[in-house]
Amino acid sequence: MYQHPRFFARVIKVDSPSLIWIQLHHAREDLEELIDDLTSRMARRGRGLILNPDHALPDEYVAVQEGRTWQRGVIINLEGKHTVMVALRDWGRVIQRPVTDMYILEDRFRELNWQAISCGLVGARSRWSRNSRALTRLLLGKREGWMRILEFIEDYAAIITLELKRESEDETSSLKDLLISMGCALHTESSTNNT
């Protein structure tokens, strides 16, 4: 039987067991280097890269400042004439910004694939209560472990299995088994669910 390769990964955001954002550990250095280069580039030449508000359309790749660094993003929605929703797909977050804060993302900063993968756990059918989602965030937040990609969905999502690094001998390594044993999830043979 074929064994899918395992990757060391870090959970960066948890919405529910059906939507977890993960970064592969081996690519983290490349992302940090890209962010440093983008931040340096925008400090030197940012004013010349202001995005024309007429070009602030869905699916447009942009550079946007967040704190002291610059991030890559893609406009996902227009909120009126003066505001846009931007997905920071390296981090699994969506932010809202004025259209005047959007800058052109140069081609060389598009070469690296998005570094956050949206994932759902395989074999657990959802009925996620607020408590189930809170428990999942508590158990997974910023944790590291091994994942196997079982199936890709589109270009940037996947169905996975996830085994967390143990913090104590009593801890269960399988999040799916823990959620099922606590009554937060139901076992299913299906690998994909409506989320």
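## A tour from the Glu-106 salt bridges to the sheets

Begin by selecting Glu-106 and Arg-41, whose side chains meet in a salt bridge with an N to O distance of 2.8 Å. Because Glu-106 sits in the loop between β7 and β8 (117-121) while Arg-41 belongs to helix α1, this pair ties together parts that are 65 residues apart in sequence. Keep in mind throughout that this is a predicted model.

Are these two partners buried or exposed? Glu-106 counts as buried, at 16% relative accessibility, and Arg-41 is buried as well, with a relative accessible area of 17%; the cut-off for buried is under 20%.

Now add Arg-45 to the selection, since Glu-106 also forms a salt bridge with this residue, the closest N and O atoms being 3.5 Å apart. Arg-45 lies in helix α1 and Glu-106 in the loop between β7 and β8, so this pair ties together parts that are 61 residues apart in sequence. Arg-45 counts as partly exposed, at 40% relative accessibility.

Staying with charged side chains, select Arg-110 and Asp-107, which form a salt bridge whose closest N and O atoms are 3.9 Å apart. Arg-110 is partly exposed, with a relative accessible area of 32%, whereas Asp-107 counts as exposed at 59%. Returning to the earlier trio, salt bridges that share partners join Arg-41, Arg-45 and Glu-106 into one network. The structure holds eight salt bridges, the ones visited here among them.

Next, display helix α1 as a whole, residues 28-45, and pick out Glu-29 within this helix. Glu-29 counts as exposed, at 62% relative accessibility, and gathers with Asp-30, Glu-33, Asp-36 and Asp-37 in a patch of negative charge on the surface.

From the helix, turn to the open sheet of five strands, which has the order β6-β5-β4-β3-β7 with antiparallel pairing. Colour β6 and β7 (103-104) separately, as these are the edge strands, each of which pairs on one side only. Inside the sheet, strand β3 (residues 61-66) and strand β4 (residues 69-79) pair in the antiparallel sense over six bridges, and a useful pair of residues to label is Gln-65 with its bridge partner in β4, Trp-70.

Towards the β6 edge, select strand β5 (residues 83-88) and strand β6 (residues 93-98), which pair in the antiparallel sense over six bridges. Leu-88 has Arg-93 in β6 as its bridge partner. Which residue of this hairpin takes a positive phi? With four residues between the strands of the hairpin, Gly-92 takes a positive phi near 70°.

Another set of strands is found by selecting β1 (residues 6-16) and β10 (residues 144-153), which run antiparallel and are joined by five bridges; here Phe-7 has Met-147 in β10 as its bridge partner. Strand β10 also pairs with strand β11 (residues 157-164), in the antiparallel sense and over eight bridges, where Phe-152 has Ala-158 in β11 as its bridge partner.

Finish at helix α2, residues 130-140, where Leu-138 is found. Leu-138 is exposed, with a relative accessible area of 69%, and its C-alpha atom is separated by 8.9 Å from that of Val-14, although the two residues are 124 residues apart along the chain. Ser-132, also placed in helix α2, counts as buried at 4% relative accessibility; a distance drawn between the C-alpha atoms of Ser-132 and Met-182, which are 50 residues apart along the chain, comes to 9.3 Å.

Methods:
Residues numbered from 1 in each chain as written. Predicted model: local features only at pLDDT ≥ 70, side-chain atom pairs only at ≥ 80, totals over all residues. Heavy atoms only, no water. Patch = residues over 30% accessible without salt bridge, like charges linked within 9 Å, V, L, I, M, F, W, Y side chains within 5 Å. Areas by Shrake-Rupley, 256 points an atom, 1.4 Å probe, with all protein chains shown as cover. Salt bridge = Lys/Arg side-chain N within 4 Å of Asp/Glu carboxyl O. Lys, Arg positive; Asp, Glu negative; His and termini not counted. Charge placed at Lys NZ, Arg CZ, Asp CG, Glu CD. Helix = DSSP H or I, 4+ residues; strand = E, 2+ residues; numbered from the N terminus. Buried < 20%, exposed > 50% of the residue type's maximum accessible area, 1.4 Å probe, protein only. Pairing = 2+ DSSP bridges.
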